[in-house]
Amino acid sequence: MDAKSQLDNHAVKPSIVAFCREQGADLVGFAPVKRWEEAGEVPREFWPQSLWAPAQTVIVIGMQMPLPIVETTPSILHEELYNTCNRELDSLAFNLVRFLNRQGYASYYFTRDGYGSLKILKKRMYAAFGHVAAARYAGLGNIGLSHNLLTPEFGPRVRLISVFTSLILEPDPMIAKALCIQCGACAKCCPKNALIPREDQLLADYDKLACADMAAELTRRRCYPCGICTKVCPIGKDRSLYRQKGYAQKYLQEEQALAANPDDPDYQSWTHVRKYGSWQKDEKEGEKR
Ligand code: SF4
Ligand code: SF4
């Protein structure tokens, strides 16, 4: 790249950030594709440059999932938030690709969920591209015990999408220090015991099939996804915005408290939302849409 195009690209990055912010992005980060190669963690066929050879930079965009709505999970309110967030991210990425293409910068995006059904996902447990690794390489956060991306702003309560571009753009620094404090709340509260903490590494052993079984059950009940591990994680500045005292104990005691008294007043605001718009656990299997 000559000096002039380098100069142009310096001006392009702030315009991309401004475009994404105007269209509703909460987080935007830039990862050079060589980070996939340098890290050597992701199989080559999942690298952005393998999926689309001209790719030089991956722009990763995040949108927050507001905490009080996540706390109602499993509920129709949480399902609708999840769907809205996904829809907004897909539109944003599509619009960003067209914004860049119009200026002569070839671009491509990868949809935020790359599977058609849970049955397919259970058979092949990966999407063709991983946004969590991309977000880490773009400096948005790092991975916690729960295998979720944790961000300083929203902990794991964030959805992601990635745009690949042939532009060489200044990379954002990766976050070196682990954000996960290994409190174990995600593992303790997981209804399927899908996360088993280990002594020798940060990441828990993750039973993806058990997690997918939970997802299938909640899809039938019309309150997918689960997201309890994202709800209970203490990381994220969003916790200061939504100040709550004693939330950790409240999460840890929830299952037991509601088993003893389904109308426990401490959980009434969540159980009320869960009662409506979704099939209850003990109701006959719901109709498919
Ligand atoms: S999404 Fe639910 S079932 Fe899956 S790991 Fe998180 S808490 Fe467990
Ligand atoms: S809940 Fe605790 S252990 Fe789990 S990812 Fe968050 S900080 Fe780490």
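Student: In which helix is Arg102 found?
Tutor: This is a predicted model. The helix in question spans residues 76–102. Arg102 therefore belongs to helix H5.

Student: Is Arg102 buried or exposed?
Tutor: Count the C-beta neighbours inside 10 Å: Arg102 has 8. A residue with 12 or fewer is classed as exposed. So Arg102 is exposed.

Student: What distance separates the C-alpha atoms of Arg102 and Asp207?
Tutor: Along the chain, Arg102 and Asp207 are 105 residues apart. In space, their C-alpha atoms are separated by 44 Å.

Student: Which helix gives the most to the largest nonpolar core?
Tutor: That core has 59 residues. Val58, Val60, Ile61, Ala138 and Cys186 touch the most other members. The top contribution is six residues, and it comes from H5.

Student: Which residues is Ala138 in contact with, leaving aside neighbours within four places in sequence?
Tutor: Ala138 is one of the core residues that touch the most other members. Its contacts beyond those neighbours are Gly29, Phe30, Ala31, Val58, Val60 and Asp172.

Student: Which elements give two or more residues to the shell around ligand 1?
Tutor: The residues around ligand 1 include Cys190, Lys192, Cys211, Cys226 and Cys229. By class, this shell has nine nonpolar, one polar and one charged residues. Two or more residues come from each of helix H9 (208–221) and helix H10 (228–231).

Student: How many charged residues does the shell around ligand 2 have?
Tutor: Ligand 2 is surrounded by 14 residues, and the closest are Gly144, Cys180, Cys183, Cys186 and Cys233. The shell holds 10 nonpolar and four polar residues. Charged residues: none.

Note on methods. Residues are numbered from 1 along each chain as its sequence is written. Chains are lettered from A and ligands numbered from 1 in the order in which they are written. This is a predicted model: local features need pLDDT of at least 70, side-chain atom pairs count only at pLDDT 80 or more; totals for chains, interfaces and linings use all residues. Helices (H or I, at least four residues) and strands (E, at least two) are DSSP runs, numbered from the N terminus. A residue is buried if 20 or more other C-beta atoms lie within 10 Å of its own, exposed if 12 or fewer, and partly exposed in between; C-beta atoms are placed from the backbone. A residue is near a molecule or strand if its C-beta atom, placed from the backbone, lies within 6 Å of it. Ala, Val, Leu, Ile, Met, Phe, Trp, Tyr, Cys and Pro count as nonpolar, Asp, Glu, Lys and Arg as charged, and the others, Gly among them, as polar. A nonpolar core is a set of buried Ala, Val, Leu, Ile, Met, Phe, Trp, Tyr and Cys residues joined through C-beta atoms within 7 Å. Two residues are in contact if their C-beta atoms, placed from the backbone, lie within 7 Å.
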